[in-house]
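Thank you all for coming; I would like to walk you slowly through one structure, beginning with its aromatic rings and then moving to other parts of the chain. Please keep the picture in view while I talk.

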Amino acid sequence: MSGRVYLALIVLMVSFSGSAQICKYVVNEQDPITDDIIRTVKTRLTGPTPFYYFSYIRNGSDYRFQVEVGDYGELNKTISKDSELVMRTGSGNVVRMNAIEKAEPKIIDDYGSKITSYEITFQMTEETMKDIADSGIVFIRIKAMENSFSDQEIPTAVVQISKENAECIFK
């Protein structure tokens, strides 16, 4: 083979390896007793303020979806346990999840401005996690939120990231 063919093969191999997904885990462990996989992957929807993050959490066969939101102003409303999150995946499925514990507002002082932050964790099924890994998330509604975070249409670029990050839970 000529040098050009070798060069073309090398360029092709580098381009494929350069496009491989790199999982950025917040947590990536294996339980030494049960061998369960314990992983958390965080995705930024908006930020720095107002901010909206969601995380996929896996602990063995237990799957959770966590939302962290914050915006300027002081809110004192507690998000109750069993509050509902509704999302639409890229496949068109409408998924409903309930908060597994109440979420208290946390007031952050940002150089004289007040920011209210909530961290809400929802129970998720493995089937839903696989659907997100296949198609991403296109819309989220948190019914108990009374601010700009109650309805979030997910930008196309973030839909792809939501899909890739969900895939990381299964790697």
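Let me begin with a term: rings of Phe, Tyr and Trp, the last by its six-membered ring, form a pair if their centres lie within 6.5 Å, and planes under 30 degrees apart count as stacked, over 60 as edge-to-face, and the rest as tilted. What we are looking at is a predicted model, in which local features need pLDDT of at least 70 and side-chain atom pairs count only at pLDDT 80 or more, while totals for chains, interfaces and linings use all residues. Residues are numbered from 1 along each chain as its sequence is written, and side-chain values use heavy atoms, with hydrogens and water left out.

With that in hand, which residues form one aromatic cluster? They are Phe-54, Tyr-56 and Phe-65. The structure holds five aromatic pairs, and one of them is edge-to-face because the ring centres of Phe-54 and Tyr-56 are 6.0 Å apart with the planes at 70°. I will call a residue buried under 20% relative accessible area, exposed over 50% and partly exposed in between, using a 1.4 Å probe and protein chains only. Phe-54 has 0% relative accessibility and so counts as buried, and Tyr-56, at 0% as well, is also buried.

A second pair brings in Tyr-63 and Phe-170, whose ring centres are 6.0 Å apart and whose planes stand at 35°, so this pair is tilted. Because Tyr-63 belongs to strand S4 (residues 62-72) and Phe-170 to helix H3, the pair ties together parts that are 107 residues apart in sequence. For these names, helices (H or I, at least four residues) and strands (E, at least two) are DSSP runs, numbered from the N terminus. Is Tyr-63 buried or exposed? At 2% relative accessibility Tyr-63 counts as buried, whereas Phe-170, at 28%, counts as partly exposed.

Helix H3 takes part in another link, and here a search of the whole structure finds one disulfide, that is, a pair of cysteine sulfur atoms within 2.5 Å. In general, a disulfide is a covalent bond between the sulfur atoms of two cysteines. Here Cys-23 is joined to Cys-168, with 2.1 Å from S to S. Cys-23 sits in the loop between helix H1 (3-18) and strand S1 (25-30), and Cys-168 sits in helix H3, so that the link spans distant parts of the chain, 145 residues apart. The link is left-handed, with -90° about the S-S bond, and both Cys-23 and Cys-168 are buried.

Let us turn, finally, to helix H2 (residues 126-135), whose buried residues are Thr-128, Met-129, Asp-131, Ile-132, Ala-133 and Ser-135. Just after H2 comes Gly-136, which takes a positive phi of about 80°. Further along the chain, Met-145 is found in the loop between strand S9 (137-142) and strand S10 (151-153), and Met-145 is buried, with a relative accessible area of 5%. How far apart in space are Met-145 and Leu-85, C-alpha to C-alpha? They are 9.8 Å apart in space, and 60 residues apart in sequence.
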